[in-house]
Amino acid sequence: MIATLPPRALIDPSLDLFEEIERLKHKLNAVILAHYYQEPDIQDVADYIGDSLGLSRQAAQTNADVIVFAGVHFMAETAKILSPQKQVLLPDLAAGCSLADNCPPDRFAEFIQAHPGHLVISYVNCSAAVKALSDIICTSANAASIVEQIPADQPIIFAPDRNLGRYVSQQTGRDMVLWQGTCIVHETFSERKLIGLKTRHPGAEVIAHPECEPQVLRHADFIGSTTALLNYAGKSTGEAFIVVTEAGILHQMQKAHPHKTFIPAPPQNNCACNECPFMRLNTLEKLYLCMRDRTPEITLDETIRQRALRPIERMLEMSPPVPGGG
Ligand code: SF4
């Protein structure tokens with residue numbers, strides 16, 4: 001069956017995929033939004049590269065007819081929630097996320113019921129159905145600022161990432177009820193190996209994403225969202241950085257600051273666990289095929305979409321625009 005062939009086998013090998021993707025962009029009036037964790041070739045053909053907050057803003061603002069989302073499923077869903085009249089394509093529908101996958105909406109609804117009177121703040125890394133159960137969505141870029149805007153006597157549920165929730169609690173002094181989810185990439189960094197790397201590179205600054213475990217974060221000189229890490233690397237007078245997040249961000253860091261040194265933090269084993277297996281399901285070939293065939297497409301139940309829209313809009317209202325996307 002042709003559908004079981006690998007993507008490359010479905011493509012004329014003489015095609016220049018970079019040219020073809022450009023041609024299809026114009027033909028479809030499409031915009032390609034890519035997350036920093038995508039492979040370098042995809043980042044290089046994207047119209048906009050950003051983290052979750054920046055990509056949400058772009059999805060809400062674009063005049064394109066088609067949004068090609070080079071990221072994972074919950075991100076493409078967020079684009080569809082914000083732009084229901086547009087076609088949203090995702091190169092590989094199986095590109096999920098451990099945080100979203102481990103917070104099923106039926107169990108999350110029970111969790112909310114078990115904590116009456118709590119305001120529900122959900123990290124954007126969750127399904128549309130979980131967003132529909134939430135009061136406010138946040139990203140790692142704006143989570144602390146959003147929590148600070150909530151009256152001090154209002155109890156809060158924070159989901160689904162317990163590490164981000166714990167970090168935000170420390171930042172804001174707010175005690176929150178946490179859903180116990182984790183990111184399979186960020187939980188894999190080894191404190192012992194990080195200390196070894198710091199010893200070998202004594203001048204390097206450690207910059208880390210708040211999805212990391214606390215024993216890793218305590219060694220960080222700077223903690224922030226992917227965009228914040230990228231911006232920090234530019235602003236800092238430091239020449240070398242140990243980067244504790246998904247390794248895809250190093251492509252933009254090195255491009256933006258070619259004279260600086262970026263060292264990926266080591267995972268527990270000698271594996272490539274610092275690369276998100278879900279993000280890496282997308283390839284340049286699948287990106288081309290989804291534009292050529294206009295599938296796979298994201299579709300959403302309209303009731304869920306409308307319920308999920310309000311907490312995303314609240315996030316955007318509560319988050320001042322940040323240059324570079326958040
Ligand atoms: S890096 Fe972690 S949080 Fe991001 S998409 Fe992959 S599994 Fe989800």
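Two strands are taken to pair if DSSP finds at least two bridges between them, and strands (E, at least two residues), like helices (H or I, at least four), are DSSP runs numbered from the N terminus. In this sense S122 stands opposite I137 in β6. The structure is a predicted model, in which local features need pLDDT of at least 70 and side-chain atom pairs count only at pLDDT 80 or more, while totals for chains, interfaces and linings use all residues. Residues are numbered from 1 along each chain as its sequence is written.

## Two open sheets

Strand β5 (residues 119–123) and β6 are joined in the parallel sense over three bridges. They belong to an open sheet of four strands with the order β6-β5-β7-β8 and parallel pairing. At its edges lie β6 (136–138) and β8 (177–178), each of which pairs on one side only.

Another open sheet, likewise of four strands and with parallel pairing, follows the order β10-β9-β11-β12. Its edge strands, pairing on one side only, are β10 (222–223) and β12. Strand β9 (residues 205–208) runs parallel to β11 and is joined to it by four bridges. Four bridges also connect β11 with strand β12 (residues 261–264), again in parallel. Strands of a sheet pair through backbone hydrogen bonds, either parallel or antiparallel.

Individual bridge partners are collected below.

| Residue | Partner | Strand of the partner |
|---|---|---|
| S122 | I137 | β6 |
| A208 | V244 | β11 |
| A240 | T261 | β12 |
| F241 | F262 | β12 |

## Strand β11 and its surroundings

Four of the five residues of strand β11 (residues 240–244) are buried, so the strand is mostly covered; a residue is buried if 20 or more other C-beta atoms lie within 10 Å of its own, exposed if 12 or fewer, and partly exposed in between, with C-beta atoms placed from the backbone. The largest nonpolar core has 96 residues, of which V68, F69, V243 and V244 touch the most other members. Such a core is a set of buried Ala, Val, Leu, Ile, Met, Phe, Trp, Tyr and Cys residues joined through C-beta atoms within 7 Å.

Contacts between two residues are defined by C-beta atoms, placed from the backbone, within 7 Å. With residues up to four places away in sequence left out, V244 touches F189, L194, V206, I207, A208, H209, C212, V216, A220 and A265.

Together with helix α13 (residues 249–256) and β12, β11 makes a right-handed β-α-β unit. A crossover is right-handed if, with the strands pointing away from the viewer, the path from the first strand over the helix to the second runs clockwise. The buried residues of α13 are I249, L250, H251, Q252 and M253. These buried residues pack against α2 (40–45), β2 (48–50), α12 (226–235), β11 and β12.

## A buried and a partly exposed strand residue

T261 lies in strand β12. T261 is partly exposed because 15 other C-beta atoms lie within 10 Å. Neighbours within four places in sequence aside, T261 is in contact with E239 and A240. Its C-alpha atom is separated by 9.8 Å from that of A233, 28 residues apart along the chain.

I32 is placed in strand β1 (residues 30–35). I32 is buried because 25 other C-beta atoms lie within 10 Å. Not counting residues up to four places away in sequence, I32 touches K25, V45, A46, D47, V68 and A70. The C-alpha atoms of I32 and A46, 14 residues apart along the chain, are separated by 4.9 Å.

## Backbone features in loops

The peptide bond from A159 to P160 is cis, with omega near -15°; P160 is in the loop between β7 (156–159) and α9 (162–172). The bond from T295 to P296 is also cis, with omega near 0°, and P296 lies in the loop between α14 (284–293) and α15 (302–318).

R294 is located in the loop between α14 and α15 and, although not a glycine, has a positive phi near 55°. R294 is partly exposed, with 15 other C-beta atoms within 10 Å. N29, in the loop between α1 (17–28) and β1, has a positive phi of about 50° and is not a glycine either. N29 is exposed, with 12 other C-beta atoms within 10 Å.

## The ligand shell

There are 13 residues around the ligand, and C97, S98, C183, V185 and C276 come nearest. Nearness here requires a C-beta atom, placed from the backbone, within 6 Å of the molecule. The shell divides into 10 nonpolar residues, two polar and one charged. Ala, Val, Leu, Ile, Met, Phe, Trp, Tyr, Cys and Pro count as nonpolar, Asp, Glu, Lys and Arg as charged, and the others, Gly among them, as polar.
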